[in-house]
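Visitor: I'd like to learn how to read a model like this one. Can we look at it together and take one feature at a time?

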Amino acid sequence: MVAYKNRAHPLWLAYIVHRLSGLFLALFLPLHFWVLAMAASEPGRLDGFLRFTEYGIVKAAEFGLVFGLAIHMFGGLRLLALEWLPWSAPQKTLAAAAASASFLIAALFLMRAFG
């Protein structure tokens with residue numbers, strides 16, 4: 001039962017969010033490369049795809065993508081800091097700050113997308 005107690009700790013949650021955001025980004029990459037290939041080889045088809053990106057649901061998904069990218073970046077920076085710097089109790093605060101900054105970046109992107 002002790003092993004499950006640690007899973008409610010904010011740093012364990014930061015660990016899980018970092019891994020899930022990395023998985024999410026890895027799953028997104030094939031779609032991204034497909035669209036890049038479309039831009040290079042089929043410009044007319046790309047125009048149709050770009051019209052599809054004007055839908056609100058796609059913009060909301062882009063919010064998720066930007067949030068995932070930002071939280072993965074800040075989580076990675078947190079891990080680098082943990083490995084290279086002598087940390088103590090403030091780790092929890094830094095993990096929360098990284099998540100907050102990630103959400104802020106993604107929210108700013110979403111407001112710009114709908115604005």
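Visitor: Let's start with burial. Which residues of α4 are buried?

Guide: This is a predicted model, so keep in mind that we're reading a prediction. The buried residues of α4 are V58, K59, F63, L65, V66, G68, A70, I71, G75, G76, R78 and A81. As for why such lists tend to have a rhythm, an α-helix has 3.6 residues a turn, so residues three or four places apart point the same way.

Visitor: How far does α4 reach from its first C-alpha to its last?

Guide: Its span is 42 Å over 29 residues, close to the 42 Å expected at 1.5 Å a residue.

Visitor: There's a lysine in that buried list. Why does K59 count as buried?

Guide: The cut-off for buried is under 20% relative accessible area, and K59 counts as buried because its value is 13%. K59 also forms a salt bridge with E54, with the closest N and O atoms 3.7 Å apart. E54, on the other hand, is exposed at 56% relative accessibility.

Visitor: How many salt bridges are there in the whole structure?

Guide: A search finds two. Besides K59 with E54, the side chains of E42 and R45 meet at 3.5 Å, N to O. Both ends of that bridge are partly exposed: E42 has 34% relative accessibility and R45 has 45%.

Visitor: What does H18 touch, leaving out residues up to four places away in sequence?

Guide: H18 sits in helix α2, residues 10-41, and touches I71, H72, G75, G76 and L79. Among those partners, I71, G75 and G76 are on the list of buried residues of α4. H18 is buried too, with a relative accessible area of 11%.

Visitor: And the outside? Which residues form a nonpolar patch on the surface?

Guide: That's M73, L77, L80, W84 and L85, with about 540 Å² of accessible area together. Take L80 as an example: its place is in helix α4, residues 56-84, and it is partly exposed at 35%.

Visitor: Zooming out, what does the secondary structure come to?

Guide: Five helices and zero strands. Of the 115 residues, 22% count as buried. Among contacts with a separation of 6 or more, 75% are between residues 24 or more positions apart.

Visitor: Last one: which element has the lowest mean pLDDT, and which the highest?

Guide: Helix α1, residues 2-5, has the lowest at 60, and α2 has the highest at 88. For the protein, the mean pLDDT is 83, and 90% of the residues reach 70 or more.

Methods
Residues are numbered from 1 along each chain as its sequence is written. This is a predicted model: local features need pLDDT of at least 70, side-chain atom pairs count only at pLDDT 80 or more; totals for chains, interfaces and linings use all residues. Side-chain values use heavy atoms; hydrogens and water are left out. Patches are made of residues with over 30% relative accessible area and no salt bridge: like charges are joined within 9 Å, nonpolar side chains (Val, Leu, Ile, Met, Phe, Trp, Tyr) within 5 Å. Accessible areas come from the Shrake-Rupley method with a 1.4 Å probe; for residues, only the protein chains shown count as cover. A salt bridge is a side-chain nitrogen of Lys or Arg within 4 Å of a carboxyl oxygen of Asp or Glu. Helices (H or I, at least four residues) and strands (E, at least two) are DSSP runs, numbered from the N terminus. Buried means under 20% relative accessible area, exposed over 50%, partly exposed in between (1.4 Å probe, protein chains only). Contact means heavy atoms within 4.5 Å. pLDDT is the predictor's confidence in each residue, from 0 to 100. The expected span of a helix is 1.5 Å times one less than its number of residues.
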